Amino acid sequence: MWGIKTSFIPILSFIIAFSIIIAIAYFAHILFKIYLHRRINKLFEKKSLHWGKSIIEANLVRRLSHLVPALIIYTTVPLLNAPSLSIDVTIIRFIQAIMLLYILGAFVLVFNSVITIAEDVYKKQRGKKRKPIKSYVQVIRIIVYFFSAILAVSIIINRSPIALFTGLGVIAAGITFVFKDTITGFITSIQVSSYDMVRVGDWIVLPKYDTDGDVIEISLNTVKIQNFDKTITTLPTNALLSEGMTNWRGMQEAGGRRIKRSILIDLKTIRFCDNELLSKLTHVPYMKKAIESLEESSFEGRSRIKTLSKTTLTNLGLFRAYIESYLTNHPKIHQEFTFLVRHLDPTEYGLPLQIYIFTNDTNWNHYEDIQSDIFEHLFSIIQKFDLQIYQRK
């Protein structure tokens with residue numbers, strides 16, 4: 001027939017039939033992809049659904065569409081095992097095995113897209129975006145990859161996957177050794193998440209690793225920190241537990257950041273007040289009323305100076321009263337947190353006058369500005385009290 005040998009007719013018929021199946025599968029693939037794209041576009045039209053973009057970015061449509069031709073070929077290829085074609089059943093089984101591997105690979109990709117979408121939606125939810133779940137997602141992926149690999153091997157060698165799983169007990173010790181870092185990281189991630197020790201966005205400090213910055217990612221084995229000099233430090237996740245770590249989240253959530261700094265007063269300049277100094281200080285803001293109250297031995301207000309007589313009134317005591325009044329009226333100082341202006345033990349460098357207060361603004365730039373403004377003011381006004389700051393000559 002048409003110059004073709006009779007022995008080649010079954011083979012040629014098989015090729016033609018198989019080509020038709022492939023063509024049908026390909027067009028089904030295209031139509032299914034177009035249909036899914038239209039459905040996704042409709043999802044975008046609904047403002048209440050914010051995860052349509054995540055579906056596209058995860059390539060879910062493209063990966064789902066790959067399942068269609070594989071399923072068509074896998075289910076229709078046995079029809080080619082007709083007596084008239086005289087095709088060896090081994091070829092049919094081989095094609096089906098290839099399709100099973102293809103379906104398995106496509107399924108893994110689809111699952112990976114689905115879990116990526118779920119993670120993305122979780123991050124975008126209010127109140128959830130800072131809690132790290134990436135480590136759990138990675139563990140789920142590892143489990144899926146592991147079982148998929150077992151199924152792939154069982155398809156290739158044409159054996160039951162149950163027999164392969166039974167044999168895994170022999171090499172369990174080896175698997176544990178290979179994945180020991182992953183297992184350790186997973187346990188650490190559970191502890192970090194359960195105790196809410198670290199979240200993405202937290203400002204943490206790890207002195208051992210010279211790390212000071214914001215957490216940008218917590219994964220199964222590593223944690224990434226962007227230091228304030230914009231460098232990125234990558235550390236093992238278990239370093240969050242095994243090494244000393246400071247987390248500044250509590251300060252940020254409380255709404256107050258501590259200022260703890262001392263002014264070193266030259267001991268030689270501390271003295272009792274005379275009328276000339278008292279008269280001069282009455283022109284200093286906050287001091288006129290304070291002096292009048294002190295002279296009456298009853299100072300009212302926030303100051304810790306209680307019942308002082310004129311004979312025990314010192315320029316340092318008035319300076320402390322001024323600092324307290326100044327900070328009490330400062331709009332950027334948190335009045336509900338610890339508020340101290342106190343002496344520390346004298347040293348060879350003078351008497352430390354410590355200011356222990358909290359700002360009501362935790363922003364780093366604002367905090368530094370507030371702290372600088374306060375001490376620049378105190379350094380400038382201290383001379384009005386006939387006091388000097390110790391400075392080594």
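Begin by selecting D386 and R271 in this predicted model, where the two side chains meet in a salt bridge with an N to O distance of 2.5 Å. This pair links distant parts of the chain, since D386 sits in the segment after α15 (364-381) and R271 in the loop between β6 (257-265) and α12 (275-281), 115 residues apart. D386 counts as partly exposed at 30% relative accessibility, and R271 is likewise partly exposed, with a relative accessible area of 31%.

Keep D386 selected and add K280, whose side chain forms a salt bridge with that of D386 at 3.1 Å, N to O. K280 belongs to helix α12 while D386 lies in the segment after α15, so this pair ties together parts that are 106 residues apart in sequence. Adding D274 completes the picture, as salt bridges that share partners join R271, D274, K280 and D386 into one network.

Move next to D202 and R249, whose side chains meet in a salt bridge of 2.9 Å, N to O. Because D202 lies in the loop between α9 (180-194) and β1 (203-206) and R249 in helix α11 (residues 249-254), the pair ties together parts that are 47 residues apart in sequence. D202 is buried, with a relative accessible area of 0%, and R249 also counts as buried, at 10%.

Now display helix α4 (residues 67-76) with helix α5 (residues 89-124), which pack at an angle of about 155 degrees with their axes 9 Å apart; the two are therefore roughly antiparallel, and α4 passes α5 in a left-handed crossing.

Finish with L12, I16, I20 and I24, which make a nonpolar surface patch of about 350 Å². I24 is placed in helix α1 (residues 9-45) and counts as partly exposed, at 48% relative accessibility.

Notes
Residues are numbered from 1 along each chain as its sequence is written. This is a predicted model: local features need pLDDT of at least 70, side-chain atom pairs count only at pLDDT 80 or more; totals for chains, interfaces and linings use all residues. Side-chain values use heavy atoms; hydrogens and water are left out. Patches are made of residues with over 30% relative accessible area and no salt bridge: like charges are joined within 9 Å, nonpolar side chains (Val, Leu, Ile, Met, Phe, Trp, Tyr) within 5 Å. Accessible areas come from the Shrake-Rupley method with a 1.4 Å probe; for residues, only the protein chains shown count as cover. A salt bridge is a side-chain nitrogen of Lys or Arg within 4 Å of a carboxyl oxygen of Asp or Glu. Helices (H or I, at least four residues) and strands (E, at least two) are DSSP runs, numbered from the N terminus. Buried means under 20% relative accessible area, exposed over 50%, partly exposed in between (1.4 Å probe, protein chains only). Axes are lines fitted to C-alpha atoms, for helices over the stretch in contact, and angles run from 0 to 180 degrees between N-to-C directions. Angles under 35 degrees count as roughly parallel, over 145 as roughly antiparallel, 65 to 115 as roughly perpendicular and the rest as oblique. A crossing is left-handed if the near helix is turned anticlockwise from the far one by less than a right angle, and right-handed if clockwise.
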